[in-house]
Amino acid sequence: METAYLIETVIKIVTILLVFSALAGIGTYFERKVLAFMQRRLGPMNVGPYGIAQVAADGIKLFTKEDIVPTNVVGPIFKIAPVITAATAFMAAAAIPFLPSFEIGGYVVNPIVSDINVGILYVLAVMAVGFYGPLLGGMASANKYALLSAARGAAVFISYEVITGLSLLAPLMMVGSFSLIDLNNFQIEGYWMVVYQPVAMVLFLIAGFAETGRTPFHLVANDHEIIDGFGTEYSGMRWGLFFIGEYANMFFYAFLISILFFGGFGDGSVLGAFALLGKVSFFFFFFLWTRAAWPDVRPDQLMWLCWKVLMPLAVINIVITGFVMMF
Amino acid sequence: MSKLPSLEDFKDRNVVEGSAYYDVDQREAPTTGMEKFKQVVNRTFRFELFIGLWVVLREMIKFDIHTVSYPAEKLPIGPRYRAVHEMQRLWESGTERCIGCGLCEKICISDCIRMDTRIDENSRKEVTEYTINLGRCIFCGYCAEVCPELAIVHGGRYENVSEQRAHYTDFNDMLTPMDMAISGKVAEYPGFGAVTPHEDERIKTTPLAY
């Protein structure tokens, strides 16, 4: 393996890690601002102009807080759980093309760590592993609310993995490749994938809310029922890692939806790159928007939605796509 | 219902068919599978979820913020609000209004007012010591109500935090400054039962009328 390739990859990894850790922080700022504006409040205003330095204040607080490991917890598992959430979120990013390839001084840079041929499969698989964070953290916490949250998490994540997989099957059948770059390039000539597969897009989006644990499906850490769920016993940077993992997942999911269904970066021009960032911003905003507008559903309603509505729809969608492709 | 029920109708708490009480917007829950299915389809394709999304987005675009950034800006409080007491002086002369009658000390139900008086050389009663322990005061307003001279009144200063208990009894904090009294800048206390300014404009018809 050449040294240049190694150095390039390391630089890419470090960049993604830094950019998305920072974005997770800025994401919390935007979440608070957007929610506040939608509820006719001002949100954070005091630290820095328009409260922009609130992120730094929160970061300092998280880093300097006392690290508490409660008495009855299963120590090693309790300590490793937040790392799993954050690490898997960033590992999933390895196969996501964040921008089209560009040239710096005659050197072509592909802003993807590794364009593996099972790209989307890898991303979804690693994101699914991320669910061990809430599960192990909740079970090791010696707290009944955390345990409830872990049980709910297990039910929700495993159920909605099915929806994610099945809903993606139909677009993948049309493209015939798992690579996210191929999926992006498929949409250059024709229309966006959402035109061919609107049902798959809606299902994937709904599943995305469950996978990232955002508001309509925010049962895993439902504040008014089970405190903070699996995060109840965590404090300081351990809790911060859960947080970074959740927000990084939101960003990566926004990237996935934009690339899979909404044309991605198009033909790779500068305009396409900005279009991709615009789409990602919109979907990130959509995650916040629904949080202000929609109530949470009950766990049984969530299961009902998954198994009685979404899964049959996904299967019917696959069958119809298959028939259309065959004839 | 053909005519509005009278008060007598409402007094009959026996809720039966045709009584004044009836269930509001209680729909039949679907029982059969087909009915349940229809309900789900109906709710899905009426796009009820998007109405909620539109409402919050509209509020965000309108940007009609209702926040009062508290330490920087404060809401006005009514003249009848009972916050930290003020000891008034007479206008122009600047003499303290308190005549040392001791009624406030007597009526105070939390025993937080203490005063000491003496007869001065002109054989007039003079207040030598006057303290209100604001840490104990429950701000009931009896002292201001009983005062025959409008000497002790309630002001609008509601932020009373201190690091020391002694600060809660400082008479000089409550006393109107001499220069303000002489220049006549002190607003006359409107007395108990005074209405908020512009109260007439804020009065609305009761909802029952329409």
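Let me start with the largest nonpolar core in this predicted model. The core holds 93 residues, and I96(A) and F252(A) touch the most other members. Helix 11 of chain A gives the most to this core, with 17 residues. If you look at F252(A), setting aside residues up to four places away in sequence, the residues touched are A89(A), A92(A), A93(A) and I96(A). There is also a second core, separate from that one, with 16 residues. Among its members are C98(B), I132(B), C143(B) and I152(B).

Staying in chain A, next is helix 4, residues 119-129. Its buried residues are G119(A), I120(A), Y122(A), V123(A), L124(A) and M127(A). What covers them? The cover includes helix 3 (75-92), helix 6 (144-175), helix 7 (180-189), helix 9 (198-212) and helix 11 (236-261), which belong to chain A.

Now a single residue, I226(A), in helix 10, which spans residues 223-226 of chain A. Is I226(A) buried or exposed? I226(A) has 21 other C-beta atoms within 10 Å, and therefore counts as buried; the cut-off for that is 20 or more. Leaving out neighbours within four places in sequence, I226(A) is in contact with Y145(A), L148(A) and S149(A). Going from I226(A) to G278(A) takes 52 residues along the chain, and the two C-alpha atoms are separated by 36 Å.

On to chain B. The domain assignment splits out domain 1, residues 27-66, and domain 2, residues 85-182. The C-alpha centres of these two domains of chain B lie 60 Å apart.

Then the contact between the chains. Chain A puts in 10 residues and chain B puts in 14. On the chain B side, the classes are 8 nonpolar, 4 polar and 2 charged residues.

One helix pair to look at here is helix 12 of chain A, residues 270-293, with helix 3 of chain B, residues 48-62. Their axes come within 9 Å and cross at roughly 100°, so helix 12 of chain A is roughly perpendicular to helix 3 of chain B. Which residues make the contact? From helix 12 of chain A they are W289(A), A292(A) and A293(A). From helix 3 of chain B they are G52(B), L53(B), V55(B), V56(B) and L57(B). Sorted by class, this helix contact has 7 nonpolar residues, 1 polar residue and no charged residues.

Key
Residues numbered from 1 in each chain as written. Chains lettered and ligands numbered in written order. Predicted model: local features only at pLDDT ≥ 70, side-chain atom pairs only at ≥ 80, totals over all residues. Contact = placed C-beta atoms within 7 Å. Nonpolar A, V, L, I, M, F, W, Y, C, P; charged D, E, K, R; others polar. Buried ≥ 20, exposed ≤ 12 C-beta atoms within 10 Å, placed from the backbone. Helix = DSSP H or I, 4+ residues; strand = E, 2+ residues; numbered from the N terminus. Core = buried A, V, L, I, M, F, W, Y, C linked by C-beta atoms within 7 Å. Domains from an automatic or database assignment. Axes fitted to C-alpha atoms, helices over the stretch in contact; angles between N-to-C directions. Parallel < 35°, antiparallel > 145°, perpendicular 65-115°, else oblique.
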